[in-house]
Amino acid sequence: MAVPKRRNTSSKRNTRRANHDKVTAPNIVPCPNCSAPMVSHRVCPACGHYKGKAVGKAPAAEEK
Ligand SMILES: [Zn+2]
């Protein structure tokens, strides 16, 4: 079985552990269709558009 050649410093060990389950904030961008804030790469919750097209549940105003 492989054995570590050198002991890691406490700094090295702590840096490794610190990045394990870091939470990052979702990327919020204005919707290109209705300019409401939305998470990028998701269907807009306000107008139901994705990449310039109406997808799935659009609120009453824009029924196909
Ligand atoms: Zn929108």
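**Close-ups of a small set of loops and strands**

**View 1. Val43 sits in a loop.** Val43 lies in the loop that links strand 2 (37-39) with strand 3 (49-50). This is a predicted model, so picture the residue as the predictor placed it. Val43 counts as partly exposed because 19 other C-beta atoms fall within 10 Å, and a buried residue would need 20 or more. Look across to Ala54 as well: Val43 and Ala54 are 11 residues apart in sequence, with 8.9 Å between their C-alpha atoms.

**View 2. Cys47 shares a loop address with Val43.** Cys47, too, is in the loop between strand 2 and strand 3. Is Cys47 partly exposed or exposed? It's partly exposed, because 19 other C-beta atoms lie within 10 Å of Cys47. Now find Ala36, which is 11 residues away from Cys47 along the chain. The C-alpha atoms of Cys47 and Ala36 are 8.5 Å apart.

**View 3. His41 has a positive phi.** Stay in the loop between strand 2 and strand 3, where you'll also find His41. The phi of His41 is near 65°, a positive value in a residue other than glycine. His41 has 9 C-beta neighbours inside 10 Å, so this residue counts as exposed.

**View 4. Ser35 has a positive phi in another loop.** Hop over to the loop between strand 1 (28-30) and strand 2, and there's Ser35. Its phi is near 60°, positive even though Ser35 isn't a glycine. Is Ser35 buried or exposed? Ser35 is exposed, because 12 other C-beta atoms lie within 10 Å, and the cut-off for exposed is 12 or fewer.

**View 5. Helix 1 and strand 4 mark the ends of the confidence range.** Helix 1 (residues 10-18) has the highest confidence in the protein chain, with a mean of 92. Strand 4 (residues 53-54) has the lowest, with a mean of 76. Across the protein chain, the average pLDDT is 83, and 86% of the residues score at least 70. Where pLDDT is low, don't read the predicted coordinates in detail.

**View 6. Stepping back, the protein chain has 1 helix and 4 strands.** Follow the sequence along and you get the pattern α-β-β-β-β. How much of the protein chain is buried? Just 3% of its 64 residues are. Then there are the contacts with a separation of 6 or more: residues 24 or more positions apart account for 0% of them.

Definitions and conventions
Residues are numbered from 1 along each chain as its sequence is written. This is a predicted model: local features need pLDDT of at least 70, side-chain atom pairs count only at pLDDT 80 or more; totals for chains, interfaces and linings use all residues. pLDDT is the predictor's confidence in each residue, from 0 to 100. Helices (H or I, at least four residues) and strands (E, at least two) are DSSP runs, numbered from the N terminus. Two residues are in contact if their C-beta atoms, placed from the backbone, lie within 7 Å.
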